[in-house]
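This report looks at a strand arrangement and at the charged pairs found in the same chain. Please keep the sequence and the model side by side while reading.

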Amino acid sequence: MAQTNQSICLTLPKSITKQISTCENSEHYVTNFLQNALPSTDSGSVADELRKSLVLVKHKNKWNKRSRCKGKLLTSRKRMQLGLRKIISKGDLKYTDLLPLHQLWLNYMQQVLGTKFFTNIPKDPTDSNWENVNQHLVKADFHGAKISVVGSKCPTLVGLKGIVIQDTKNTFRICGKDNIVRTIPKDVVIMKIDLTTVCLEFFGKDLSIRPTERTIKKFKCGRIYEL
């Protein structure tokens with residue numbers, strides 16, 4: 001048994017080790033292997049043959065690509081029929097049930113604006129942070145925000161207030177303290193939004209765009225609208 005262990009630990013003969021060589025990369029290894037394996041008459045043309053580009057390498061294998069789902073998207077009519085945009089009927093939605101949503105929105109806005117600007121928003125347009133803060137405000141999500149109408153072409157809309165439960169391209173749907181869901185058009189109103197210690201006023205036209213598109217759009221400051 002001892003003799004067997006000793007024979008296992010012996011070094012390989014030079015006739016085998018002389019053919020083994022270490023290479024920096026796979027290309028050198030293939031070249032050395034072919035030069036040692038091929039006859040001497042063919043080993044000289046190995047380097048020239050490897051420089052040739054293979055035609056099949058230029059064509060990508062289509063079977064390796066994952067097939068994308070080509071299913072059709074739901075149309076607006078189908079979404080309405082399925083009730084995807086439907087708000088629950090009157091009486092089922094209560095203002096008190098939306099207060100936790102409003103608190104989540106305040107925490108979200110504190111993360112968006114930062115602790116510094118959440119309680120102290122710049123009021124001077126010459127401030128270096130003025131445009132940056134305004135861009136964050138316009139692009140923010142308003143589901144759960146407390147808003148109130150302070151000016152409008154339609155006098156009946158002035159004074160309406162509540163928590164936003166749906167934000168579409170042209171309207172805000174809010175639930176007031178009387179548990180009634182109302183629809184406010186954005187184009188004809190000036191709104192006020194409450195951020196605990198700070199109140200902001202803005203034109204509804206600035207938000208007349210889908211929330212998903214509003215996050216990637218570049219807005220220009222200094223625009224003035226006429227109601």
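In this predicted model, strand β5, which covers residues 189-195, pairs with β6 in the antiparallel sense, and six bridges connect the two. Within β6, it is F203 that stands opposite I190.

This pairing belongs to an open sheet of six strands, whose order is β4-β3-β2-β1-β5-β6 and whose pairing is antiparallel. The edges are formed by β4 (181-185) and β6 (198-203), each of which pairs on one side only. On average, and with direction ignored, neighbouring strands of the sheet are turned by 40° against each other. As general background, the strands of a sheet pair through backbone hydrogen bonds, in either a parallel or an antiparallel fashion.

A helix also meets the sheet: α7, made of residues 99-119, lies across β1 (146-152), β2 (161-167), β5 and β6, and runs at about 85° to β5.

How many salt bridges does a search of the whole structure find? The search finds two, and they are set out below.

| Salt bridge | Closest N and O atoms |
|---|---|
| K186 with D167 | 2.7 Å |
| R182 with D178 | 2.7 Å |

For the pair of K186 and D167, the positions in the chain are informative: K186 lies in the loop between β4 and β5 while D167 lies in strand β2, so the salt bridge ties together parts that are 19 residues apart in sequence. Are these two residues buried or exposed? Both K186 and D167 are buried; D167 has a relative accessibility of 7%, and because buried means under 20% relative accessible area, D167 is counted in that class.

The pair of R182 and D178 has another setting with respect to accessibility. R182 is partly exposed, its relative accessible area being 25%, and D178 is likewise partly exposed, with a relative accessible area of 41%.

The surroundings of D167 can be described further. The side chain of D167, a residue of strand β2, makes a polar contact with the side chain of K186 at 2.7 Å. When residues up to four places away in sequence are not counted, D167 touches F142, H143, F172, K186, P211 and R214. K186, the salt-bridge partner of D167, is thus listed among the residues that D167 touches.

Note on methods: Residues are numbered from 1 along each chain as its sequence is written. This is a predicted model: local features need pLDDT of at least 70, side-chain atom pairs count only at pLDDT 80 or more; totals for chains, interfaces and linings use all residues. Side-chain values use heavy atoms; hydrogens and water are left out. Two strands pair if DSSP finds at least two bridges between them. Helices (H or I, at least four residues) and strands (E, at least two) are DSSP runs, numbered from the N terminus. Axes are lines fitted to C-alpha atoms, for helices over the stretch in contact, and angles run from 0 to 180 degrees between N-to-C directions. Contact means heavy atoms within 4.5 Å. A salt bridge is a side-chain nitrogen of Lys or Arg within 4 Å of a carboxyl oxygen of Asp or Glu. Buried means under 20% relative accessible area, exposed over 50%, partly exposed in between (1.4 Å probe, protein chains only). A polar contact is a pair of N or O atoms within 3.5 Å; within protein, one must be able to donate a hydrogen and the other to accept it, and residues adjacent in sequence count only if both atoms are side-chain atoms.
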